[in-house]
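Colleague: Please take a close look at one part of this model for me. I would like to hear how two of its helices pack, and then what lies around the nucleic acid.

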Amino acid sequence: MNYEQIIQLALERGFYFPSCEIYSDAHAGFWEYGPSGVSLKNKFIELWRRELVRRDRMWEIDGSQIMSENVFVASGHLASFADPIATCTKCKSIFRADKMIEEITSITVPESADLAEFDKVIEEKKIVCPKCKGSFEGIKKFNMMFKVGIGAQGESAYLRPETCQSIFVDFPRLFKTMRGKLPIGIAQIGKSFRNEISPRQSLLRLREFYQAEVEVFCNPAKLDDLPKFSEVENTQIRIMVDETIKSMTCKEALDSGLVPNKLVAYYLGLLVEFYQKTGIDVARSRFRKLGEKEKAFYATVAFDFEVETNTGWLELVACNYRSDYDLKSHGNTSKEKFEVMDDETKVLPHVFEISMGIDRSLYTMIEHRLREDKENDRVVLSLEPYLSPVHVGILSLVKKDGLAEKTDEVYMMLRKKYDTFLDHSGAIGRRYRRLDEVGAPFAVTIDHQTLEDNTVTIRNRDSMSQERIKISDLDSHLARATAFP
RNA sequence: GCGGAGUUAGUCCAGCCUGGUAGGACGUCAGCUUCCCAAGCUGAAGGUCGCGGGUUCAAUUCCCGCACUCCGCACCA
């Protein structure tokens, strides 16, 4: 199914829609989740907790979205999360100053250079707008962080551009109070904010978005000392090697040197096992090692986990080996001690990060699972039962003869434990179709026979087949069928 | 941010050229019918035509600005 069809489903079935849409001053890059979207998101997060946080005995925290200025002085975002931009006075086109200068003159001015240096080169080399030959106004820095004013004085603070800064800042306390031992993963789900120049394609590039991040703190001397690696050594991952994607086990990726150490290989394996269970087609995924120029300013080694969608390859997760960049820097700026003891030795931990984009993942789950069943004239969202916004529809075949009342009884019995949808009205086939579109894996139908022997039919979304079971067996049947793997 | 195309009911779209304040399909709701896969019949709700300004006796329609959406470019931890 293509992008337009996904959007249409999202709008019609309550997955997501534009924020503040009734007002004309609404800004681009902000979207809301409706009931179906929230239900799907919650289940995705629960799966993430199971497959990463609990499996690997991580700690999960929930930090503030607004953080103080010093956090971003230390993290480097204040200086580096900004691009030097040149604006044409005539056609108002905006260019990345460093890239434009390099293209035209082959002179490399570092991105972080003083702004006057850019101006100097532009003046000396008489650089004009590549589009309209207009002249440039002075170089400015465009920082992608949202600045906020705190209190009556409006003191500077920022909406976090990545959730992980909370984890770094909290690390000393957490390690002491939670009796930490390296390696330890600290996880967080939350919102991040980036003032993108051009947000696009609904959930794929947002200005306010959800991240699920894991920061693994480790002893850099022990990156290959990881017994639990055996759990994933035979897990298949797909990785780019010289422009082609190769499928191999984590062990092969490690042995061939494509992945630098066991710790990284272990988490790449966990990640793929997680995504397999989201229903995203991992046969259309790849890890791509980023080149020097593509990497974030804090990363020494970086792999993007990407999946193929109708809009092209889409980055779902950034896996960055951040070394001691963050802890060292926060240590220097705050004077807090970040060294910890590991086997009688004092070490400043290194960090390996798994930074997941939730919104993009949800989009991909829908795209990979939405199909048109032409034979039966329906659209089906074949989500895994444990991820479906609605677990089970509860329908009366007809309303009269006491069937509606009986249906209500069944609904009351199940509604607290499962995500249910009660529906009495309209043609039965139409109600089944509606449930198919929100991905409900089951539909229970109460018919006349129910009144006689307390059995109901339960319909399977994908096969459209039905079986008759006792009402008293419904709970155990559904519990089994909707359980997380 | 640039260029192009759009914005009319929950969704998809017609109407605009040739100004006189809106219509279809699907969907939704109610009733009838129907004991199992978008059937049928009857009825109903739902739109200040993206926002602001201009021209005009009169603007959904013409003009301008802005916002948003999509596509391309640029950007993208």
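Modeller: Start with helix α2 (residues 35–54) and helix α9 (residues 262–277), whose axes come within 10 Å and cross at roughly 145 degrees. The crossing of α2 past α9 is right-handed. On the α2 side, the contact uses F44, L47, W48, E51 and L52. L270, F274, Y275 and K277 come from α9. By class, this contact has 7 nonpolar residues, 2 charged ones and no polar ones. Bear in mind that the model is predicted.

Now the RNA. Strand B is surrounded by 51 residues. The closest are R96, R194, A296, D377 and R434. Of the atoms of RNA strand B that come within 4 Å of the protein, 57% belong to sugar and phosphate. The surface near the strand is mixed by class: 19 charged, 18 nonpolar and 14 polar residues.

Several elements build that surface. α1 (3–12), β6 (94–96), β21 (378–381), α13 (428–438) and β25 (455–460) each supply at least two residues. α13 gives the most, with 7 residues.

Some side chains make polar contacts with the strand. An N or O atom in the side chain of E12 is 3.2 Å from a sugar or linking oxygen of RNA strand B. Others reach the bases. R200 has a polar side-chain atom 2.9 Å from a base oxygen of RNA strand B. For T457, a polar side-chain atom lies 2.8 Å from a base nitrogen of RNA strand B.

Conventions: Residues are numbered from 1 along each chain as its sequence is written. Chains are lettered from A and ligands numbered from 1 in the order in which they are written. This is a predicted model: local features need pLDDT of at least 70, side-chain atom pairs count only at pLDDT 80 or more; totals for chains, interfaces and linings use all residues. Side-chain values use heavy atoms; hydrogens and water are left out. A residue is near a molecule or strand if one of its heavy atoms lies within 4 Å of it. A polar contact is a pair of N or O atoms within 3.5 Å; within protein, one must be able to donate a hydrogen and the other to accept it, and residues adjacent in sequence count only if both atoms are side-chain atoms. Helices (H or I, at least four residues) and strands (E, at least two) are DSSP runs, numbered from the N terminus. Ala, Val, Leu, Ile, Met, Phe, Trp, Tyr, Cys and Pro count as nonpolar, Asp, Glu, Lys and Arg as charged, and the others, Gly among them, as polar. Axes are lines fitted to C-alpha atoms, for helices over the stretch in contact, and angles run from 0 to 180 degrees between N-to-C directions. A crossing is left-handed if the near helix is turned anticlockwise from the far one by less than a right angle, and right-handed if clockwise. Contact means heavy atoms within 4.5 Å.
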